Amino acid sequence: MVSFPNCKINLGLKILRRREDGFHDLETVYYPLPVRDVLEIVRGDELHFSPSGRPIPRDPSGNLCISAFHLLKKDFPELPFIHIYLHKHIPIGGGFGGGSSDGAFMLRLLDHQFQLGLTPAQLSDYAAQLGSDCPFFLLKQPCLGKGRGEQLEPLTLDLSHYSFLIVNPGIHISTAQAFSLCTPKESGPSLKDLISRPISNWTAELTNDFEDPVFREYPALRPIKEQLYKRGALYASLTGSGSGLFGIFEKGRADPAGWGPGCELIAVP
């Protein structure tokens, strides 16, 4: 069985407070984009993981697809072994959620393929054990994320009449490092209110709290955002806590040509 895990961008991200469990409460708007990996599972006589496409930098035993299998195997001992084939297309370590998406889609594949009978709430609970943003990838629409990011409120936001340009500068920023650079604050309007305003307002009002400290730590990133605006972006931002950036353009205007070396660009028409 084959599925196609998609990426996401964050439209704004507010770090509200540090929690007693070491995590942070935050608020963000997740928006799905059709940049996809390819994930296939086949019944086998042992657990086997075969990646292709983009190199996966970590030990495969820490891949969220494998973690998803072990998570369900613990509660469903009859779950048979599988061969996992993962072709990576989503940039890695850039804040686009590719690993989280792979893990969430693996849970859904296993549930469907082997008729585990999991409810949407159960799938979401398993996904939250894999990662804070994993539950979002079980849904197929924009969501307001709260708590660690796992508390989701579906939104009616539709940006299909715009085009997107994703920029992957190839700089890996760990989530822990990014949080260490930030100072939580609870002030300001809610993101749900901000994204309901015209996109022409977003540049002045819709911010990612990771952006300024990450730009100070990695100065090469700020000119990328400036270049997106010079090319006509209506809104541009860092996504998540990674180094990846995106621009939102008038339909058909997200042109990666002539950018120059040093960055990978992916256009979403």
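Reader: Which class has 21 residues in the lining of the largest pocket?

Author: Let's sort the lining of this pocket by class, keeping in mind that the model is predicted. Nonpolar residues number 17 and charged ones 8. The remaining class, with 21 residues, is polar.

Reader: What volume does the largest pocket have?

Author: First, a look at what surrounds it. Of its 46 lining residues, the closest to the centre are Gly97, Ser100, Asp133, Thr175 and Ser241. Elements giving two or more residues to this lining are β2 (6–18), β3 (24–36), β6, α2 and α4 (175–180). As for the volume of the largest pocket, the value is about 1,200 Å³.

Reader: And which residues lie nearest the centre of the second largest pocket?

Author: That pocket has a volume of about 250 Å³. Its lining gets at least two residues from each of α6 (202–205), α7 (211–217), α8 (222–230) and β10 (235–238). By class, the lining splits into 8 nonpolar, 5 polar and 5 charged residues. Out of 18 lining residues, the ones nearest the centre are Thr207, Asn208, Asp209, Glu211 and Asp212.

Reader: On to the cores. Which element gives the most to the largest nonpolar core?

Author: This core has 34 residues, and Leu72, Ile84, Met106 and Leu110 touch the most other members. At least two residues come from each of β4 (38–43), α1 (64–75), β6 (82–88), α2 (98–113) and α3 (120–130). The top giver, with 7 residues, is α1.

Reader: Which residues does Leu72 touch, not counting those up to four places away in sequence?

Author: Leu72 is one of the core members that touch the most others. Skipping residues up to four places away, its list is Leu79, Leu107, Leu110, Leu116, Leu118 and Tyr126.

Reader: How many residues are in the second, separate core?

Author: Here's who you'll find there: Leu33, Ile90, Phe96 and Tyr162 are included in this second core. The count for this core is 27 residues.

Reader: Is Cys263 buried, partly exposed or exposed?

Author: Find Cys263 in the loop between β11 (245–250) and β12 (264–268). Its relative accessible area is 22%. Buried means under 20% and exposed means over 50%, so a value in between gets the middle label. That makes Cys263 partly exposed.

Reader: How far apart in space are Cys263 and Asn168, C-alpha to C-alpha?

Author: Leaving aside neighbours within four places in sequence, Cys263 is in contact with Val167, Asn168, Pro169 and Ile224. Along the sequence, Cys263 and Asn168 are 95 residues apart. In space, though, their C-alpha to C-alpha distance is 5.7 Å.

Terms used. Residues numbered from 1 in each chain as written. Predicted model: local features only at pLDDT ≥ 70, side-chain atom pairs only at ≥ 80, totals over all residues. Heavy atoms only, no water. Core = buried A, V, L, I, M, F, W, Y, C linked by side-chain atoms within 4.5 Å. Buried < 20%, exposed > 50% of the residue type's maximum accessible area, 1.4 Å probe, protein only. Helix = DSSP H or I, 4+ residues; strand = E, 2+ residues; numbered from the N terminus. Contact = heavy atoms within 4.5 Å. 1 Å grid on protein atoms, 1.4 Å probe; cavity = no way out; pocket = protein on both sides within 12 Å on 5 of 7 lines; lining within 4 Å. Points joined across faces, edges and corners; volume = space filled by probe spheres on them. Nonpolar A, V, L, I, M, F, W, Y, C, P; charged D, E, K, R; others polar.
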